[in-house]
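Colleague: I'm new to looking at protein models, and I'd like some help reading this one. Could you walk me through a few features?

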Amino acid sequence: MNWFLSLPEIVLALSGMGILLLGVVKRGDATQICSMLTIAALVLCAVLIVGNSFGPAFEGQFLADPISVFAKLLILAASAFSVLLSLDFNERAHIARFEFPVLVLFATLGMMMMVSAGNMMSLYLGLELQSLSIYVLAAFARDDLRSAEAGLKYFVLGALASGLLLYGISLVYGFSGSMDFVGIAHALADPASVSPGVIVGIVFVITGLAFKVAAVPFHMWTPDVYEGAPTPVTAFFGTAPKVAAMVLFARVMMGPFGHALGQWQTLIETISIASMILGALAAIGQTNIKRLMAYSSIGHMGYVLIGIACGNAAGLRSVLIYLAVYVFMFLGTFAVILAMRRRGEAVETIADLAGLGRNDPALALAMTVFMFSMAGIPPLSGFFGKLYVFLAAVQSGLWGLAVIGVLTSVVGAFYYLRIIKVMYFDEPGSAFDRRAPSLSVVAAATGIFTTFFFLLPAPVLNAAQAAAKVLFG
Amino acid sequence: MITMIAFYVFAAILVASAALVVSARNPVHSVLFLILAFFNAAGLFLLNGAEFLAMILVIVYVGAVAVLFLFVVMMLDVNFVELREGVQRYAPIGAMVGLVLFVELLMVIGGWRFAPAMPTLRAAPTQTNVQNTAALGDALYTHNVLLFQLAGLVLLVAMIGAIVLTLRDRSVSRRQVIARQIARSADLSLEMVPMALNAGTPATSFRRPLPEPVAHEASAAHHGAVHHGEEH
């Protein structure tokens, strides 16, 4: 048993418990120090991951491979940025408590287990650890009715999705005789063994995972939860859990179920098309920017699902590249949204952005970069994400998906450009409050990544390429 | 022969008490039947040689969970008659959905292909020379230690979540602060009142205790307070 491969996870779990203990024991407000320690633990964990070797551990229940390393670094970055974003907001919203970073840390641990899962049971436990933590985070502003509603809604629907997923897992186990991904792939290698029972199981697994990534038609909870949850929590929801669930989705579909590609490909295509169309059309009428970002993220997940529908190395590579690009755009946008405060009150409507171009040119420039990138305008990073996804679709002969993807991104460009128009050409309102330094740091870091990705894309592309080789040798 | 009789006795009582759990009008009776069902299930486990599971079932489920249920049922005055009102209205649709699912499940199971070695595998799930408890320990702590620890973390998060969402450090709660009790002096609570013989008690002899010094109050706010910054 090679437990050393899971050293980063063990270190993270222990530091999580240590930070929790410190928060409980320390007199006075421990939020600041706990948040800083959490960020330090996440960075330490990233260093350990980079230095660790590859291989299966715990009898194949845990996999350390280039896919998991790619996803884990992305997840850790997203979590660390989210904690950074939460510092100022929580303080002003009077929800600054030391449990917040601890819950983010445990959610991160769950996500790391998800992307390292080599077995249906470790998949499920990782997913539950992540889900339980983020249900609580959604309701973290417990005196706010909308936040409590968001938490409850997320919890009830999430429990339902977990039930569906478990039912699917049990059917797959029953008909393939194995919990291990390798074992399932081995059992399904023979086309004759792909019985209706396995297919029903796969469909239920897809349903459960599609709920977790908020793909249409399992997206109903997304706008309400994103709008109701405290804004830094929304920034977290939109990034790290999406990466974890998508990478897990890709691994499960292309690994154990890879031989049954013909059975599930149409299903993923349908989900993908529906997500892209809904993401493009439903966002048009939104006035609340958090709701708009919820629909935007549904649309983005639709594009990522194109990569999964391809079911080959190019598809997996495009999924990973898109996720890397998406995380930084989304976090940057939320850094700007968090800076929207007038006289200490957070404002959330798109109209509140009016005149930002004159009041705060730097912030408006950052927002412009993120919006252009989300619309997929070259040479920003969002363009490359879409490019590789469409390329993979065309190479796999999925012309329909590529064409619909291009069309919906044209429609989607409308509402991204409208935000830019509001910022620069509408009558300016009163200026926002001075923004917190942490927000500027996050907006600048993600903005630089988004803008200059085209100059040095090689590290991300090579890492994604190496990851794709794991499943398609 | 005796095993057969024991099996049928345990199984029959188990099924009967399970049916009574859902049909009993009085919720307290339901919980008591549930305990009976647990005991008989433990008996069935024992017959199959799973002595550890039998013990755990009695200790954990009868000893803790069922008693907890009993407390909840008795303390929360839930009107079960009201809860059941919808049953008659929704029963036909519920039954229909259940029937459809059942038929679908049958169709799925129809395609089930069993492994050739299945009957022998089922008859001997563990090696005969390994004790039941030892086999479970081996599975939990050796082969699935990662999953076991993860499950522990899930429970930890559930606990943190429950505390975060519900615990409020109220200013009106009267918690015991031992330091304050010890620091209290006789001057604060005792007063000598001169009493005249055969004159009854004067009205002034009944006094409220003197208020505590304010400085104690402020420092006491930190004692045992797990959460900070809530009274905004």
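What follows is a short chat about one chain, its surface and its contact with a partner chain.

Modeller: Keep in mind from the start that this is a predicted model.

Colleague: Got it. How many helices and strands does chain B have?

Modeller: Chain B has ten helices and zero strands. Walk along its sequence and the pattern reads α-α-α-α-α-α-α-α-α-α.

Colleague: And what share of chain B is buried?

Modeller: Of the 232 residues in chain B, buried ones make up 18%. As for the outside, chain B exposes about 17600 Å², with carbon and sulfur atoms supplying 70% of that.

Colleague: What about contacts inside the chain? How far apart in sequence are the partners?

Modeller: Take the contacts in chain B between residues at least 6 apart in sequence: 63% of them join residues at least 24 apart.

Colleague: Okay, on to the surface. Which residues make the nonpolar patch on chain B?

Modeller: The patch covers about 1000 Å², and its members include B:Met1, B:Phe7, B:Tyr8, B:Leu36 and B:Leu47. Helix H1 (2-23) and helix H2 (27-47) of chain B each supply at least two of the patch residues. The largest share, seven residues, comes from H1(B).

Colleague: Let me pick one of them. Is B:Tyr8 buried or exposed?

Modeller: B:Tyr8 sits in helix H1 of chain B. Its relative accessible area is 52%, so B:Tyr8 counts as exposed, because the label needs a value over 50%.

Colleague: Now the partner chain. How do people usually put a size on an interface?

Modeller: A common way is to give the accessible area that is lost when the parts come together. Here, about 3200 Å² is buried between chain A and chain B, and carbon and sulfur atoms give 72% of that area. On chain A's side, A:Leu125, A:Arg142 and A:Phe175 supply 19% of the area that chain A buries against chain B, more than any other three residues.

Colleague: How many residues are in contact across the two chains?

Modeller: 38 residues of chain A are in contact with 32 residues of chain B. You can also look at the kinds of pairs: between the chains there are zero salt bridges, but six residue pairs are in polar contact.

Colleague: Which helix of chain A gives the most to the side that touches chain B?

Modeller: That's H5(A), with eight residues. Helices giving two or more residues to that side include helix H1 (7-25), helix H5 (120-138) and helix H6 (145-176) of chain A.

Methods: Residues are numbered from 1 along each chain as its sequence is written. Chains are lettered from A and ligands numbered from 1 in the order in which they are written. This is a predicted model: local features need pLDDT of at least 70, side-chain atom pairs count only at pLDDT 80 or more; totals for chains, interfaces and linings use all residues. Side-chain values use heavy atoms; hydrogens and water are left out. Patches are made of residues with over 30% relative accessible area and no salt bridge: like charges are joined within 9 Å, nonpolar side chains (Val, Leu, Ile, Met, Phe, Trp, Tyr) within 5 Å. Accessible areas come from the Shrake-Rupley method with a 1.4 Å probe; for residues, only the protein chains shown count as cover. A salt bridge is a side-chain nitrogen of Lys or Arg within 4 Å of a carboxyl oxygen of Asp or Glu. Helices (H or I, at least four residues) and strands (E, at least two) are DSSP runs, numbered from the N terminus. Buried means under 20% relative accessible area, exposed over 50%, partly exposed in between (1.4 Å probe, protein chains only). Contact means heavy atoms within 4.5 Å. Buried area is the accessible area (1.4 Å probe) that two parts lose on being put together, summed over both. A polar contact is a pair of N or O atoms within 3.5 Å; within protein, one must be able to donate a hydrogen and the other to accept it, and residues adjacent in sequence count only if both atoms are side-chain atoms.
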